[in-house]
Each structure stands twice: as C-alpha cells, then as structure tokens.
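Student: I should like to learn how to read the features of a protein model. May we go through them one at a time?

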Amino acid sequence: MSLDKNDVEKIAHLARLAIAEKDIPGYAASLSSILQLVEQMNAVDTDNISPMAHPQDAFQRLREDVVTEENQRDHFQKIAPEVENGLYLVPQVIE
Amino acid sequence: MHSKTIAELAAGLKKGDFSSEELTRSFLQRIQQFDPELNSFITVSEEHALTQAKAADAVIAKGNATALTGIPLAQKDIFCTNGIKTTCGSKMLDNFIAPYDSTVIRNFNQAGSVMMGKTNMDEFAMGSSNETSFYGGVKNPWDILTVPGGSSGGSAAAVAARLVPASTGTDTGGSIRQPAALCGITGLKPTYGRVSRYGMIAFASSLDQAGTFTQTAEDSALMLNVMAGFDEKDSTSVDKAVPDYTADLNKNLKGLKIGLPKEYFGEGLNADVAKVVEEAIAEYKKMGAEIIEISLPNSHLSVPAYYVIAPAECSSNLSRFDGVRFGYRCDDPKDLEDLYKRSRGEGFGDEVKRRIMIGAYALSAGYYDAYYLKAQKIRHLISDDFKQAFEKVDVIMGPTSPEVAFKAGEKSGDPVSMYLSDIYTIATNLAGLPGMSVPCGFSNNLPVGLQIIGNYFDESRLLNVAHQYQQTTDWHVRIPDAYK
C-alpha cells in the first residue's frame, strides 16, 4: 500500500493533526514504508484464528456503582490552559 | 559509594555507615557533574529528594526501614508525580504538573525511597534510541557518540553511569530490555498486568508494562517487590499474590531447561553479538543447565503485527491530548477544530505523529479487518508459539538486540530500520510474557545483552536464572571508564 498526498491529508484530518504542506511528501513516504512492513502479515492465513486482546484472556472486572472519587475540580483545573468559573474555555462552537 | 548496589547501600544505611541524606547528596553531585553531557534527566528534583532522604533517615533511625528506604532512584518521566513535572519527553506535556501520583510512584514513596528526578525518554515512549525526545537525545555512557537505546534511554544511561543505583522504565516493545542491553545493565520487564499502569502515561495499553533498571538481578527483585501487585485503579492489573522475588535467587540451576529459538540466531544478527551470547549460554551449560533448540515459527511476524497494534492503540490513547484540559495549547485558535489540529500538530513530534497517523489509518472505516483484526490474530499465533515452547523449556534465551549501540543519527531518518532494532523483544510484549536483559560481554567495547524470557508470572525464576549468572561472571559490575 502506497499513500499519496490526499491520503496523508485525509488521515491527518481524521487524527486532528495539522501537518505543514512541505512535510506531506515525507510523511507519505515514511507511512508507505511502514505499511509495506506491516503487509508482511498478509502472507499468513489467519481465517481460523481468533484475535487476542489480552495476554491472560482476562475479562473486564466489574465493581459496585458507588462514588469513589472526591470532587477535585479546582485542583485539576489549575493546569488547564484556560478556565472561567470552573469551566474549560474553548473557541466558540455555536453561533 | 556510587558503584554499590541497592542491597549493599541498604546494608550501609542500616549499619549507619552513611545516611540517606549523605547518599542522596553524593548522587546529586554525580548528576550535576555528569548529566550536562549525558542528558539522562529531564527534571532533577533536588529539594524533593533531600526532603525524602531526611524522612527516610528518621524511619531508619527508628528501625523501620524496608529494603528500599533511603535509596536514591530515578523515575522514567512517564510516571505521573504529584507536584513535579511529568513530560513524557514531549512538548505536549512540557508544562504538565500531574495532580496525582501514579501507583508505581506511590509504592516507592511508601517504601521510603528517594526520587532524584525524572529521566529522559523517547517522546511518549515511541522510539528505540531516545532521539525522539523533545528534550534532546541521551548519550550512551560507554561511547557518547552512540545512543543508549530507547525508549527508556535516560533511565538506562543514568544507571550505567552510576548517577543513580537504579531506575524505573516501561517496556511496550523492548523499551526496558533494549536500552539495558545497549547500556550494559540489568533490565526487567515483568508479565503484563503484574505492575499497575495507573498514572503511567499510556502508549499501547495492551502492551505497556513498567519495570526496572538495576546493576544486578538481586536489585531487580528488591525493586519488583515494591512495584508488583494488584491495583483496583488499573482494570488490566492482575489479582495474583506477589511472592518475595528474592526468595529463589540462590536456587541451583542444575537441570534448568533453556530453549534457544533458532529464529533468534539467524539472519540479521550481528556475528560478534551472536558469539558473545553463545558464550553466555555455554556458561549456563557449565552450571548444569540443559540447552534445547526450539522454534518460534511466527516470530518474523511480530514486528509487522506490533506496528499495527501499538500505533492503533496509541492513536486512541493520544486523542486525549487536545489542548483543552491540560498540556500544550496553540496560540490564537480560530475555532475548535483549529485548536485541536494545531495544538496536536505543534505539540507532538514527528515520530509520534507518524504513529498516530498509522493507527488512525489502520482503524479507519474499511481497514479494520485488514490491519487491526489481522494483527490481533497474528498476536494469537505468536503467543501460541511461546505456549508450546514453554511446555518443553523453563526459560528462553537469545540476544536482546541484534547489534550493540548504534551511532546517533544512524537510523533516525529511517523509521523501519529503527523498528527492526526491537526484532527480538517485541514478541514478548505481544504475548505478555516477562523478559530480562542481562549484560553478558562486549563487542567493539560496547555492551551486549542476553535476553531471558520466562513464562507468565515466572519472574522469580527469571531473576534466579539471571542472579546465578551474575554469581559466576562480572559483566554486570563493569562501569565505563569516565564514570568509575
């Protein structure tokens, strides 16, 4: 699989990454070479193999639905780029 | 003092030969002296360390010391530390002061150890040379023109130069074992789920595991005793009793069955490295171990499968860095999408962006089956190879890395050639098995690591096997001349 300029732009948009125009050819080349490496997987027949998600075949633990966290809003918001009255600020979303 | 192991330092502290404060000051001085060149630390937390050292001295005076009380340690800058900057080697987190401690840090604090600072690393642990760090590369103390390996390069270099007696790291595809090998020290990556990942900044959640860099296997056991254990805050941590990892260190290796995978000694392995590793295995034979040739027939698929799974999981994990709640935010965003895109585009480095894009591509509509699902199936094949092997053998051995430390800049322009430096370590992560790297000799005056892979939760045996080798050889006590 070889990626072109359009592919890279599309993927960068999906990943919400601003990529400079001049860097696109470099990314297209390196991403294509990584995909080439990855495609060695295609040589193997895996039709009857089940996918493995966790080494110990563990299942998701459940717990009682109780409050375990205390409110630390002010503490957490101290490191935020921009807050006001306990709210995180971003550029206006709705006109 | 600086060449002593944790076990020796703990004995000295107990006897009153020196205080933790004296010890801490002496290592801080070494950091000041040598680290401007090595660049193994991102943050040196001098004040915090001295406060912890004084507290440790009080505990020791009362006779309540544990094995790690008062011992100076360095922590990889991937573990969140309350009140002390945690960057993960990225511009994205250059201003990030975590509001809480990771479980690993909390465990070390409870044990009374002293945190000297946070070590340099590849950005978000993505790299095998430490060259992707926003804070610059780390130099290998054995030859400053070469890399220390990665991603935990700072932690490895700091121990190799004896700027600290031991440190922590994380290993997603080899990030503890490969730098341990390249820096000539002992590295341990435990079984997936053995050590809590809570507060350890996530790269690939189904592969990441925290572990140790030490001078000796005995010290690894002491560190693991503190780190291992179930944690409710990590849903993948395994609820299984933690043994005393020092208990089996002195067991005799007579009759130990060592498997040598023929795939780990084939094409791509440097001939000198192969020779050194074979000599180490001969040493085990002398100790009474039985050597058995085995096959891990799908090992050649581990790098391809890894470079789908790890990027896919990273693209998902790193979506939390959006410039809204913490971390880097671009100047003057014109709308929300611009804020996301430029904060991420400017905050992440090249390699991280590459992996996020590979992951986003592999997970995008229409490609899931061909990439992520396929890779998870191959992961099963690789894991089954190990299962079969461990029916015949107790441990598996081979080289940790196909070559010794390479020159800075040699591979940084070619991601795929960089990825192949983890060719012998990645399969262990895919299977979730524990692995170690132990210094076993030199090639061109640079250290070579012997990799020892164990069965699930068999860390005690791994440590025993490594410790016995360190009783009859002295590779692990070698220190590069400039740091003696």
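Tutor: We begin with a definition: a residue is buried under 20% relative accessible area, exposed over 50%, and partly exposed in between. Please keep in mind that this is a predicted model. By that cut-off Glu346(B), at 30% relative accessibility, counts as partly exposed. Arg342(B), at 24%, likewise counts as partly exposed.

Student: Which kind of contact do the side chains of Glu346(B) and Arg342(B) make?

Tutor: They meet in a salt bridge, with 3.5 Å from N to O. The general idea concerns helix geometry: an α-helix has 3.6 residues a turn, so residues three or four places apart point the same way. Here, Glu346(B) and Arg342(B) are 4 residues apart in helix α10 of chain B, and therefore about one helical turn separates them. Helix α10, residues 336-347, holds a further pair with that spacing, Lys341(B) and Glu337(B). The side chains of Lys341(B) and Glu337(B) form a salt bridge at 3.1 Å, N to O. Lys341(B) counts as buried at 17% relative accessibility, while Glu337(B), at 36%, is partly exposed.

Student: How many salt bridges does the structure hold over all chains?

Tutor: There are 22. One of them joins Lys118(B) to Asp77(B), whose closest N and O atoms are 3.0 Å apart. This pair links distant parts of the chain, 41 residues apart: Lys118(B) belongs to strand β3, and Asp77(B) to the loop between β2 and α4. Both of these residues are buried.

Student: How should I read the surroundings of a strand, and which strands pair with β6(B)?

Tutor: One may ask how many residues of the strand are buried, and then look for its partners. All of β6(B), 6 of 6 residues from 209 to 214, is buried, so the strand is largely enclosed by the rest of the structure. Strand β4 of chain B, residues 166-171, runs antiparallel to β6(B) and is joined to it by 5 bridges. Within that pairing, Asp171(B) has Gln209(B) as its bridge partner. Strand β5 of chain B, residues 186-189, also pairs with β6(B) in the antiparallel sense, over 3 bridges. There, Thr186(B) stands opposite Thr214(B).

Student: Is helix α7 of chain B mostly covered or mostly open?

Tutor: Helix α7, residues 217-227, is mostly covered, with 9 of its 11 residues buried. Among them are Ala217(B), Leu222(B) and Met227(B). After the helix comes Gly229(B), which has a positive phi near 140°.

Student: What does a search for disulfides find?

Tutor: A disulfide is a covalent bond between the sulfur atoms of two cysteines. In this structure the search finds 0 over all chains. For Cys80(B), the nearest cysteine sulfur is that of Cys88(B), 8.3 Å away. Cys80(B) is buried, with a relative accessible area of 3%.

Student: Where does Cys80(B) lie with respect to the largest pocket?

Tutor: Cys80(B) is one of the residues nearest the centre of that pocket, together with Pro99(B), Tyr100(B), Tyr198(B) and Gly199(B). The largest pocket contains about 830 Å³ of space. Its lining of 27 residues divides into 13 nonpolar, 5 polar and 9 charged. The second largest pocket holds about 320 Å³, and its lining includes Arg61(A) and Glu69(A) as well as Tyr198(B) and Lys233(B).

Technical notes:
Residues are numbered from 1 along each chain as its sequence is written. Chains are lettered from A and ligands numbered from 1 in the order in which they are written. This is a predicted model: local features need pLDDT of at least 70, side-chain atom pairs count only at pLDDT 80 or more; totals for chains, interfaces and linings use all residues. Side-chain values use heavy atoms; hydrogens and water are left out. Buried means under 20% relative accessible area, exposed over 50%, partly exposed in between (1.4 Å probe, protein chains only). Helices (H or I, at least four residues) and strands (E, at least two) are DSSP runs, numbered from the N terminus. Two strands pair if DSSP finds at least two bridges between them. On a 1 Å grid over the protein atoms alone, a cavity is a set of points where a 1.4 Å probe fits but cannot get out, and a pocket is an open set with protein on both sides within 12 Å along at least five of seven lines; lining residues have an atom within 4 Å of a point. Grid points are joined across faces, edges and corners, and a volume is the space filled by probe spheres set on the points. Ala, Val, Leu, Ile, Met, Phe, Trp, Tyr, Cys and Pro count as nonpolar, Asp, Glu, Lys and Arg as charged, and the others, Gly among them, as polar. A disulfide is a pair of cysteine sulfur atoms within 2.5 Å. A salt bridge is a side-chain nitrogen of Lys or Arg within 4 Å of a carboxyl oxygen of Asp or Glu.
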